[in-house]
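Biologist: I'd like to learn how to read a model like this one, feature by feature. Could you walk me through it?

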Amino acid sequence: MFGLNKKDSILMIAVAALALLAPFILNIFPNDSALAFFNAGYPDLMQRFVIFGIFAIGFNLLFGLTGYLSFGHAAFLGVGSYAAVWMFKLLNYNVVPAIVLSIVVAAAFSLVIGYISLRRSGIYFSILTLAFAQMMFVTAYSDLLGRWLGITLTNGETGLQVYNDDPQILLGNGPNVPHLFGLEMRAKEVWDIGPWEFTLPVGYYLCAVLMLASFYLAIRIFRSPFGLMLRAIKSNQTRLNYTGLNSKPYTLAVFVISGMYAGLAGGLLACMDPLAGAERMQWTASGEVVIMTILGGAGTLIGPILGSGAIKYLENVFSKLNEGLLHDWFGFMPDGLEGALVWVVSKFTGEGWHLTLGGLFMLVIIFLPGGLVEGGNKIRSWIQNRTGRGSPPADTASTPAE
Amino acid sequence: MSILEVQNVNKSFGGLKALQNVNLKVEEGTIHAIIGPNGAGKSTLLNCLVGKLTPDTGSVTFDGVSLLGKKPYEINQTGVSRVFQTPEIFGDLTVYENVLIPCFGKRDGSFEMNALMSVNSQKDIRAKAEQMLEDVNMADKREMRASSLSRGDKRRLEMAMCLAQDPKLLLLDEPTAGMARADTNNTIALLAEIQERRHITMAVIEHDMHVVFSLAQRISVLAQGTVIVEDLPENIKGHPKVKEAYLGGAH
Amino acid sequence: MDAIILQLLNGLDKGSAYALIALGLTLIFGTLGVVNFAHGALFMIGAFCAVTLQRILSFSYVVEDPTQKDFLGRPLKVQTPYIESWFGPDFGSAIIDWSVPLAILFSIPIMIAIGFIMERGLIKHFYKRPHADQILVTFGLAIVLQEIVRTYYGANPIQTPAPQAFVGSFDFGSLLGFDPNVVIYPYWRMVYFGFSALIIGAVFAFLRFTTFGMVVRAGMADRETVGLLGLNIDKRFTLMFGLAAAVAGLAGVMYAPINAPNYHMGMDFLVLSFVVVVVGGMGSLPGAVLAGFMLGILESFASMNEVKDYFDGIDQIIIYLVAIVVLLTRPRGLMGRKGVMED
Amino acid sequence: MSKFTTTRRGLIKSGVVGGAGLAMPTIFTSSAFGYTNEPTGSTVTLGFNVPQTGPYAEEGLDELRAQELAVEHLNGMGDGGMLNTFSSKALKGNGILGKKVQFVTGDTQTKSDAARASAKSMIEKDGAVMINGGSSSGVAVAVQGLCQEAGVIFMAGLTHSNDTTGKDKKRNGFRHFFNGYMSAAALAPVLKNAYGSDRRAYHLTADYTWGWTQQESIAAATEAMGWETVNNVLTPLASTDFSSYIAPVLNSGADVLVLNHYGGNMVNSLTNAIQFGLRDKIVNGKQFEIVVPLYSELMAAGAGKNVEGVIGSMNWNWQLQDDGTQAFVKSFGEKYGRPPSNSAHTCYVQTLLYADACERAGTFNPCGVVDALEGFEFDGMGNGPVLYRAEDHQCFKDVLVMKGKENPTNEYDTLEIVEVTPRAQVEYAPDHPMFAGGELGACNPGA
């Protein structure tokens, strides 16, 4: 289907189904139940799931295929956001020019930074990308570039936003919020079905469609001769060189592609919420996408999407779990036990969500080096073994050679 | 006609003179062995040929083109392929994918951004890759991960990858090092067959005299950075200078 | 001129913190081949050793004083450290006053123990894993460690002053022929610099002149060969990890009076210390020290007003700019070896 | 131990509901409701968005404590706190408009992006009708913009930048906290009295929007009374060691150092300045002085002995003697065992004021609330009579000038009140150039 083999087609269809049905799947708990707290089916978080999914898919093309660990990828997401908001400021709130420009600008930045950074490999490459990204972050945070030019370019730590006195030359009578030819991004459709309530936001579906397109493109790249060359780079650069191939054009091409993915993600962030903050370029943001990719499973197709979902869920849901709620939940227990339990759990939730993140992250790296995807595979083969069906695929039965 | 000409090559590392006025001519269509005791400079010479090292002085000409100052991938593009002492293959990829890569790579090394094409869509490339595996008797292992192969299979895979490029000159760095006797004999047979069928010029660096005398049509003996003798195999056996280099050097 | 000398001193001072952290990182990387992102957390734990000792020493009993009122109008609870009632107010408060120098002794066993536990419990299992995995698992550990510290000490900075004897500044200028009080430098910062020089010297001497050190150096050069000699290199490497943790911890203890410790100070230093290590060249101890001082001095000069007038904001980007220039002109940093961390 | 029921999303009506429980799609409409998150059940949900992680976590925690207390008082629990002293008597301790008050919390991480994400989740998922809190101006401006778009009320928490009610002001947003201009106006006369009118000031300024606006305000006010500004040096936010910025002050000829820093930056730069012996120096025949224009209790505690004798300003302090303050300090102190910080006070008061405005407007509709709060004058919440100015939604009240205490008796007793600057002295015209640009726009009920 669409140039995909059977296995990939199934994966593609599964991801598409998940994306389209996410508003239902993520609001699985009825609205009035105590578990409704764990629902994630509201527009902002769903949009973040898919936008960071795009970001991680793109990052995985670079890191998962070639093994080049960029520690400054958030910078491309940041410039994408700034480009999009500038489009809103200059033209109007239509998202199409914003998204196009964000991809173009991110491509330009990644071309220059990639061209320079790819002259080195290993950790030297990582530090070069980190240095560029940090320079861009502080430049945006204190609006240094704007200061040198004498204009407001990034509006410092407040973030770039649209003001009423901006030119907006094409605005006319169009909507005053981001829209796709009149269809407002924040518009949503709410369905009440029995005790459930499902929200279907327009913005989410735009992001989801673009995520599916990105995912499709990623599969094609994985399965192409180009992707093969990239995997060859990760596996053995020496042999590639002695096969007459210069790895640089390949790594640069994929660096730019992955920068464009980041730019698209940044542009979409701005389209869902027209403000571009400098923090999204900080090294911690770059580290976050590394974490997402590896948590999900670097070098696998579905891994980055799972990883970004897991991290964003933790960040947005666990951080809101405050002590009051815990007391409520454990209220049925005897007082002493309740107090103790709340005390323990509260260290890991609410303001302690970083602890959960760090701990979970360590556990995954220690026990599941292949990320959540490996975890899934293990469970699957365990079930197969128990039911006595099937055998592990041939290509995993590898033994160390030397 | 000689396809590879090395003239007066010198290379030193700090105070150590690794190569001194090395001269070498490899005739087209022959198997030329380079032997010598440990530390004679064999590997240094090879590295100078493939562009990993640059000679301090002297010239290296291949097929009428100077190789000096060229990067390894550029030298490969002129038609020189190299087989390593420890096989350099793409361990994370399958055997089939390993041979696909040289098949996709253009002879001139030009970059192709065929990112939306499926790996299996070009019939001629697929056929060529499969043919290469047949040639080295590895068709049955095509879906195995390359890193899980035995040492001998890795060597054959590497050979297939080099042959897929249709090289004019094949450089082999101790192709049978660390192999069991049977594997060694298989490799000798494979090399002989390749030479017979494709008339590829080969330069072999080798320790194992059994291999050298089974294959080589001409032999250069390297000792202490210089070529002390270059002659036919039958003349090398028992040559006093060679004896001295191997035995005298041991004292 | 006086401004330049002052910034040179500042640069040496900052540089000694960078160099100490980078030295520990390089010890770990050079011997164990592990990229330790939790090293900044070790620095932070060192600083909190000083805080902890200060807290322990000023552990108090409470007496209600009816003559004073607290903010709710209740009798004020006056706290008196036990140590003052045991040793008398003067000597007791003197001990509390000297808690930071005392914390040096206090922290060494703690840091070595933490180092051992980390190496045996976690790092050991990551020797054969890719560098990316090492980076990530130690990064996770760093988050966990700093969150634990936050749970106990809160997010606010905690003042940990130097002993009264070190308050005030030394008049450098008068030695160099300047007017009095033109070129002065705080005593404690000079102590920090001297202390760092001592530690750096001690580490180098240890590696150079002891057999233990020689084996470790040989192991840094070629781990496999040394393993073949039948030496138990693993045990020595565990010890090395403890040593590196102690170096980071001591850097933290002595840093506590310079800037009040807070739970995220490790993360603040993390990125910077990696830049230092890489600029110095992965695995090179002299490189790490050299790069630490070089970046410290350059950073100080970049924050001079004369420089900032010419190039607005240069002080924010100088470190990264230098890192890029160094890495592009010297592929393996200032003193790096070939083939280390390049794939 | 406080107990409250699990937060539930306010039920949102959505057009016609089909017989079998299947919804008829109301195609992409958003006008089916009166306003965003209209509470239809017996409860109303407020969103408290504070930094729970990162360097300002302690401040966020204190804000959260105060807000929790405010909810208790609104629901008629506890001793009622400032409800007893508040001049408006609309609130009766039965929640707001008869609905029980619930709250949800979010973590801003002191990052604009994260703050907007957590505010959005509280609005979209939990149905919050109002967002309260925060600990930095960047976050306040970002979240204020979001609330304007989403159609909920925003009460800003700790934000001191002129921009929050200047060029970034929004109709749906209000600020109880004071700003850089007001700090400067309150500090200038005190500084003149204490240090004379012939001084040379050296500014170190955190290199982001808040720092810039505060520096601009302080420089203008001190120059107006005769001081000279020798230099203004911008310091990177990420700085931890300020030695290379402090050292040039030594021989610059300046005799006052103004630290336009907040939080960890302030603690470190002040500590470094003391290390370099600045306060012991005599320059131009005068004792060298340090000024920290914006103080907070937590940062003063972090700086320890270094704040002794250093002058700064505050929005409110627990040592004030009016009834409102005393009632609040008593109920906060009894519950948490510590006096509230000034950001805690701001968040507490804002919660009550929002509730009061709803009562008086008779609706949770943001437009009604805006009308009720605009131009609202009241008393009994500390700082004397207070005005919420209609033109820019800035709150005007007395400003406190503080000084680091010489011999603090405990960790909460680090600052003392030097002067309570009357409101009239810190007022300015709504079109003051430092607040120029931007407009409130129309109120947005959302939905």
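Modeller: Happily! This is a predicted model. Let's begin with a sheet in chain D.

Biologist: In what order do the 7 strands of the open sheet in chain D run?

Modeller: The order is β7-β6-β8-β11-β12-β16-β17, and the pairing is mixed.

Biologist: Which are the edge strands of chain D?

Modeller: Look for strands that pair on one side only: here these are β7 (228-235) and β17 (415-421) of chain D. From one strand to the next, the twist averages 25 degrees.

Biologist: How do I read a single pair, say β12 and β16 of chain D?

Modeller: Check the direction and the bridges. Strands β12 (residues 311-314) and β16 (residues 399-404) of chain D run antiparallel and are joined by 4 bridges. Within β16(D), Leu400(D) is the residue that stands opposite Met314(D).

Biologist: And which strands of the sheet does helix α5 of chain D touch?

Modeller: Helix α5 (residues 209-224) of chain D packs on the sheet and touches β6 (200-206), β7, β8 (256-260) and β11 (289-294) of chain D. The direction of α5 makes about 170 degrees with that of β6(D).

Biologist: Now the chains. Which pair of chains has the most contacts?

Modeller: Of the 4 pairs of chains that touch, A and D have the most contacts. Chain D brings 50 residues to that contact and chain A brings 47 residues. On the chain D side, β2 (100-107), α2 (112-124) and α3 (137-150) each supply at least two residues, and α2(D) gives the most, with 8 residues.

Biologist: What is the chemical make-up of the side of chain D that touches chain A?

Modeller: That side of chain D divides into 16 nonpolar, 19 polar and 15 charged residues. A side note on size: an interface is often described by the accessible area lost when the parts come together.

Biologist: How far apart are the closest C-alpha atoms of the chains that no contact joins?

Modeller: For chain B and chain C, they lie 14 Å apart. For chain B and chain D, the distance is 35 Å.

Biologist: How is chain B divided into domains?

Modeller: Domain 1 of chain B spans 1-79 + 168-251, and domain 2 spans 89-166. Their C-alpha centres lie 26 Å apart. For the boundary, count residues on each side: 11 residues of domain 1 of chain B are in contact with 11 residues of domain 2 of chain B.

Biologist: Which element gives the largest share on the domain 1 side of chain B?

Modeller: That is α6(B), with 5 residues. The domain 1 side divides into 6 nonpolar, 4 polar and 1 charged.

Technical notes:
Residues numbered from 1 in each chain as written. Chains lettered and ligands numbered in written order. Predicted model: local features only at pLDDT ≥ 70, side-chain atom pairs only at ≥ 80, totals over all residues. Contact = placed C-beta atoms within 7 Å. Nonpolar A, V, L, I, M, F, W, Y, C, P; charged D, E, K, R; others polar. Pairing = 2+ DSSP bridges. Axes fitted to C-alpha atoms, helices over the stretch in contact; angles between N-to-C directions. Domains from an automatic or database assignment.
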